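Q: Could you take a close look at how the helices pack in this one? I'd like the crossings, the contacts and any backbone oddities around them.

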Amino acid sequence: MPYTLTTPLYYVNDRPHLGSTYTTLACDALARFQRLSNGSVVFITGVDEHGQKIQRTAEARQLSPQQHCDAISARYRDLWSRWGISQDRFVRTTDPRHLQLVDQFFARVQASGDVISGRQTGWYCVGCEEYKDDPAEAKDPSCPIHQKPLEWRDEENLFFRLSRYQAAIEELVARDDFIEPASRRQEVRNFVARGLRDFSISRVNVSWGLPVPGHNGHTFYVWFDALLGYLTALLDDGGPVDLERLAQSGWPASVHVIGKDILRFHAVFWPAMLMSAGLPLPKKVFGHGFLTREGQKMGKSLGNVLDPELLLERCGADAVRWYLLRDIQFGDDGDFQQQRFVDLVNNDLANTIGNLLNRTSSMARKWFEDAVPPHTEAVDTTHALAKAADTAVALVMDAMASLKFKSAAEAVLQLAIAANGHLNDTAPWSRMKQPGQEQEVGNDLYAVLEATRIVGLLLAPLLPDLSSRILEQLAHPLDATSWRSQLSWGGLSSGHALPTPSPVMQRLELEEPL
RNA sequence: GUCAGAGUAGCUCAGCUGGUUAGAGCACAGGAUUCAUAACCCUGAGGUCGGGAGUUCAAGUCUCCCCUCUGACACCA
């Protein structure tokens, strides 16, 4: 049974922003961790390409919707590849296979008696593209967001009978392992407790969408279509589009990682749709927080959006991944502060970890013939650093499995700090000046190098690039099939040649603001 | 408005079921050191724990009131 995880399918209304990059980086770290520790993983990402908003954006750009989607989707794909995202599937909802899947799914939902036609009536805001819920002033209501009058609409739509799943969904969201982080459970529970209403799954006035079988002029409402993209992605393994195959293809998902804004769709509507279609439910939905910048919401109006492409070019993937994963409690909102970004990257990666490797490798080479020093039993698993490494490994395993990237990063850092401390305590540079101390110095340097190797290995899911640079300089590369055993103390071979050290992590020097 | 959550060192945050002098990281100051990417290591300063009242032998931790901020309140990805 593979570990299946998903990012949201990003809406291609606009180019990728930092928010979607953040989600994707976090998922990538999780996917890499699961691959290294368990093996089989299906990491899904992709794009959601239908809907009126996209249609209009395309029109404004004087492109066909398909051309627009092709362009933006390519941009996502390209950006993910430059960030080194390790997704197994990249699904597009304009893929013909997706249409097949949606039709199959819809047929099942229909067979369950969960599709009814009804009237969607109410006050509609064109700007929001949504019906407003019973505006207080009955006669001339206006949209509180757009300050424009609402239009009265009355149209025939298909509805999904969500109300039939009231009890089942209540039970689902009451569980403590389904919605994470815990801080977001209550609002979903409250929402469900207020009573679930049927929701419309088709539109009659949107041409850029998938046609609803048997209902001319209807297209599927984007949400119905988009969530199903997860299933399409799973079946995109070379085999036919057939819902029956899902169980062998990695469904149900182990976790859907999403932004907190779409938690409800994933924790309430989506499970009900799956129940209706007779499919198992995802095991977990994790709604992470949003990023602000220097305390302010990022937005076009403020002109303070942080462009992921720029960030990548100027700072590199390691730096950004580290900052986002190490400084923000995954689940909470986070604030991107340039000064702190630079401080943390330089302190943690360049100074604490990078310099640790650099100084230790230099000493080893200088006094032990360019190689890993010999060692005695004094450096077995009872050594203080061996214990520290053990602790770090255990903490990282536990933290990564539960998406606590910050805790994982801190555990790795602790090990590097302990190793630096050990060097300062034992001061090999001064002992080498005394006669007869080679053996002790060899042991100390071996222990520190070994701790550094484990630091490098532990960083593999979080910062794959830096990790491989570290391991390369220790001449003990990652073996992706035996990560866990490589993590045991003592894996470093004495006498193994060490290459000339050069800094594995450059300090960030940002002259001008990002 | 209703509901939920949050207000703890300059900044970002830990502080579980109430119990010795309130913690960490960054920033700041001082010291030590020279193997190293002016890096590393040690020490220090810095908080009336939003405000007020109450319960208790004892409250950042419980109760009430007030102030401020954030989020949710159905079909915006």
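A: What follows is a walk through three helix pairs, then a few backbone spots. Keep in mind that this is a predicted model.

Let's start with helix H13, residues 338-367. Its 30 residues should span 44 Å at 1.5 Å a residue, and the end C-alpha atoms sit 41 Å apart, which agrees. Even so, H13 has a kink of about 35°, centred on Asn355. Past the end of H13 comes Glu369, with a positive phi near 55°.

Now for the partner of H13. Packed helices are generally described by two numbers, the angle between their axes and the distance between those axes. For H13 and H15, the axes come within 10 Å and cross at roughly 45°. That angle makes H13 oblique to H15, because it is neither under 35 degrees nor in the 65 to 115 range. The crossing of these two helices is left-handed. On the H13 side, the contact uses Asp348, Thr352, Ile353, Leu356, Arg359, Thr360 and Met363. Facing them in H15 are Leu413, Ala416, Ile417, Ala419, Asn420, Leu423 and Asn424. The spacing of such lists fits a general point: an α-helix has 3.6 residues a turn, so residues three or four places apart point the same way. Sorted by class, the H13 contact with H15 has 8 nonpolar, 4 polar and 2 charged residues.

H15 (residues 405-426) also packs against helix H12 (residues 317-327). Here the axes come within 6 Å and cross at roughly 110°. So H12 is roughly perpendicular to H15. From H12, the contact takes in Trp322, Leu325, Arg326 and Asp327, while H15 supplies Phe405, Lys406, Ala409 and Leu413. The class count for this contact is 5 nonpolar, no polar and 3 charged residues. Leu413 of H15 turns up again here: it is on the list for H12 and on the list for H13.

The third pair is H3 (residues 65-83) with H11 (residues 308-315), whose axes come within 11 Å and cross at roughly 25°. That angle makes H3 roughly parallel to H11. As H3 passes H11, the crossing is left-handed. The H3 residues involved are Arg75, Leu79, Arg82 and Trp83, and they meet Pro308, Glu309, Leu312 and Glu313 of H11. This contact divides into 4 nonpolar, no polar and 4 charged residues.

Staying with H3 for a moment, the loop between helix H2 (52-60) and H3 holds Gln62. Gln62 has phi near 60°, a positive value in a residue other than glycine.

Last, the cis peptide bonds. One runs from Glu180 to Pro181, with omega near -5°. Pro181 belongs to the loop between strand E7 (179-180) and helix H6 (185-193). Another cis bond joins Trp251 and Pro252, with omega about 5°. You'll find Pro252 in the loop between helix H9 (246-249) and strand E11 (255-259).

To pull the packing together: H13 is oblique to H15, H12 is roughly perpendicular to H15, and H3 is roughly parallel to H11.

Note on methods
Residues numbered from 1 in each chain as written. Chains lettered and ligands numbered in written order. Predicted model: local features only at pLDDT ≥ 70, side-chain atom pairs only at ≥ 80, totals over all residues. Heavy atoms only, no water. Axes fitted to C-alpha atoms, helices over the stretch in contact; angles between N-to-C directions. Helix = DSSP H or I, 4+ residues; strand = E, 2+ residues; numbered from the N terminus. Parallel < 35°, antiparallel > 145°, perpendicular 65-115°, else oblique. Left-handed = near helix turned anticlockwise from the far one by under 90°. Contact = heavy atoms within 4.5 Å. Nonpolar A, V, L, I, M, F, W, Y, C, P; charged D, E, K, R; others polar. Expected span 1.5 Å × (residues − 1). Bend = angle between axes of the 7 residues up to and from the residue.
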